[in-house]
Structure formats: structure tokens, C-alpha cells
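User: I am new to this structure and would like to go through it step by step. Please take my questions one at a time and explain the terms as they come up.

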Amino acid sequence: MQQHIDSFLQTIPLELHGHRKKVCFFVDSIEAMRQSKGGGAEKVTVLEVGCSNGVTVAMPLAKIGYSVKGIDLHQPSIDAANAAAVDLPAVFECVLLEDLGEQELFDVVILSDVLEHVPDPHQLCSQAAARLKPNGILLISIPNGFGLYEIEKFIVKWSGIGILMSMLRAILRRRERGLFDDAYNHDSPHIQFFSRPAIARVIAAGGLDVTRAQNGCLLGGDVTMATLGRSRAIIEFTLRLANMLPAWAVSTWYFECRADAESR
Ligand SMILES: C[S@@+](CC[C@H](N)C(=O)[O-])C[C@H]1O[C@@H](n2cnc3c(N)ncnc32)[C@H](O)[C@@H]1O
């Protein structure tokens, strides 16, 4: 099983923003949980909230064999995900988390690059925690609101090079195998900018303890993606370097969380 998973993970496109690294972090946590509870991958139920078209997280997890549900508020993304998932143990629904059936609980809930898009991240984190089965895990990926990725986005936005960016995006869409294709919610910008203490407060307010954490990527804005991100050596170097740097110096963070003693 582990060999099958490792070789599958190597097939995920390697890019500067670290989506492969993120999925590897999630899978390490899910596998540790699966092994402790016993049973095959299909016994592990996973909910991804804000799954978009499923390409980055939900679909790779379904390809490993976990039973995946993805939800998002963007219908075209969900339609694309369902069309691509015909032979996979995955279903995708255009529904808000609070409108999911009350009885639906999961071994794993994932908030991957979504808390920065919502007006009330505390509420979304608490709602996600409430969807965990006993001993379930909540997995989070979040940008450092003051990291190089956000700084680059800020400079690009306010320096008036929007036309150049449109051209770069057109190149990226071809290069990134559907990651940024039309079935993607381009109208859901980042509206939250978390420091490390701020995201820690959101997690704690959800009644959760962080049980594992890792730095994600160092770079990953559109300009660096289209320039430095063309070199495999640079991608690998920056993703490894991010592991050695302090949390404040990198662009994304990953967390594994479990219900704290009080909430159990
Ligand atoms: C950056 S994408 C993340 C996609 C994927 N989870 C990943 O890790 O690459 C953010 C997604 O969150 C979705 N979104 C924004 N607010 C949401 C909400 N309240 N509930 C569910 N999804 C939401 C957007 O439609 C968008 O598809």
C-alpha cells in the first residue's frame, strides 16, 4: 500500500506553490490514522470543503482510494469535478458546509487554501471541526498572510502590470494541467491575511489542538511561477528550503488538528 501511495504521489505535477507537498502532508496524516484504526483506504471518509474543481486535493485522495466528498459554492467547479471523477470514489456537491446533512460526519475534514477566502474563518473552522467523527482529523493549508506569496500578489496588483499578468496566466493555464482552467472560481479572492498567531487562534477557537505542522512553499505567486517556477531544480530547492526556515519566512503552512481535551 505505502509503495503504491508513494509512487502515485510522484505523479502529481511538481510546481512552485507546492500542491504536491501539501497532498503528501495530508496523506501522511490520513495514512497514520488509517493504520491506527485498521481497514483499507476505502474505509476512510474524507470531506474537502472548498474543493474547487477537485484537481489539487480531492481527486488525488480519491485516486489513492479514500472515499471522498468535495463541496464548493462554485457550480462550474463542481460540474468539472464530477465530470472528471466518473470512475473514482468521489462525489462533489455545490453546497455550503452548514447545509450538509446533519448526520454527515467524516474521519478527515480538509480546509485547503479556503479559510483565507471566507468572511468568517472562525465559523468555518468550527463548523468543519463539528463534522469530525470521534478521533477524526482536520487538515488545513493556509497562506502566510505576510509571506512572499502575498507580498508578490500585492505588488503585482498595485504596480499596474495586469496586462502582463493576463498573458502569464494564459501560459500558466496551459502549463498547470487544468489547475487554473475556466472551471475555477476566479471571483473568490483572499480576504483574510493570517499571521501564525492569528491562524493558531482560529484553530483553538474551533476546539482543536495542532498535532502536526509543516512549512509549505517559499514562493508561488504568478510572476515567480512563470519565471523561477519553470526550473525543476529551483522548485525542489525552494520547497526543501521552506522546511528549514522559520514559519514567518515561508508562504504557506500546513496543520493537522484534533479535537482538544475539552471538546472530546
Ligand atoms: C483557492 S481555492 C482552493 C481549492 C483547493 N481546496 C486547493 O487546495 O487547491 C478556494 C475555493 O474556496 C471556495 N470557497 C470560497 N468560499 C467558500 C465557502 N464559504 N464554502 C465553500 N467553498 C468556498 C471557492 O469557490 C474556491 O473554489
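User: In which helix is Leu 241 found?

Analyst: This is a predicted model, in which local features need pLDDT of at least 70 and side-chain atom pairs count only at pLDDT 80 or more, while totals for chains, interfaces and linings use all residues. Residues are numbered from 1 along each chain as its sequence is written, and side-chain values use heavy atoms, with hydrogens and water left out. Helices are DSSP runs of H or I with at least four residues and strands are runs of E with at least two, numbered from the N terminus. On that basis, the element that holds Leu 241 is the one spanning residues 232-244, helix H10.

User: Does Leu 241 count as buried, partly exposed or exposed?

Analyst: Buried means under 20% relative accessible area and exposed means over 50%, with partly exposed in between, using a 1.4 Å probe and protein chains only. Leu 241 has a relative accessibility of 25%, and it therefore counts as partly exposed.

User: What distance separates the C-alpha atoms of Leu 241 and Cys 217?

Analyst: Along the chain, Leu 241 and Cys 217 are 24 residues apart. In space, the separation of their C-alpha atoms is 8.6 Å.

User: What is the strand order of the open sheet of seven strands?

Analyst: Two strands pair if DSSP finds at least two bridges between them, and the pairing in this sheet is mixed. Strands S3 (90-94) and S6 (208-215) stand at the edges with a single partner strand each, so one side of each has no neighbour in the sheet. Read from one edge to the other, the order is S3-S2-S1-S4-S5-S7-S6.

User: How many bridges join S4 to strand S5?

Analyst: Strand S4 (residues 106-112) is mostly covered, with seven of its seven residues buried. It pairs with S1 in the parallel sense over four bridges, and there Glu 48 has Ile 110 of S4 as its bridge partner. S4 also runs parallel to S5 (residues 132-143), where Phe 106 stands opposite Leu 132, and the number of bridges joining S4 to S5 is six.

User: Which word describes how H5 and H8 lie to each other, roughly parallel, roughly perpendicular or oblique?

Analyst: Axes are lines fitted to C-alpha atoms, for helices over the stretch in contact, and angles run from 0 to 180 degrees between N-to-C directions. Helix H5 (residues 121-129) and helix H8 (residues 196-205) pack at about 45°, with axes 8 Å apart. Angles under 35 degrees count as roughly parallel, over 145 as roughly antiparallel, 65 to 115 as roughly perpendicular and the rest as oblique. H5 and H8 are therefore oblique.

User: Which residues of H8 does H5 meet?

Analyst: Contact means heavy atoms within 4.5 Å. What covers the buried residues of H5 includes H8, along with S1, S4, S5 and S6. From the H5 side, the contact involves Pro 121, His 122, Cys 125 and Ser 126, and in H8 they meet Arg 201, Val 202, Ile 203 and Ala 205.

User: Is H1 roughly parallel or roughly antiparallel to H2?

Analyst: Helix H1 (residues 2-9) and helix H2 (residues 19-37) pack at an angle of about 165°, with their axes 11 Å apart. That angle makes H1, relative to H2, roughly antiparallel.
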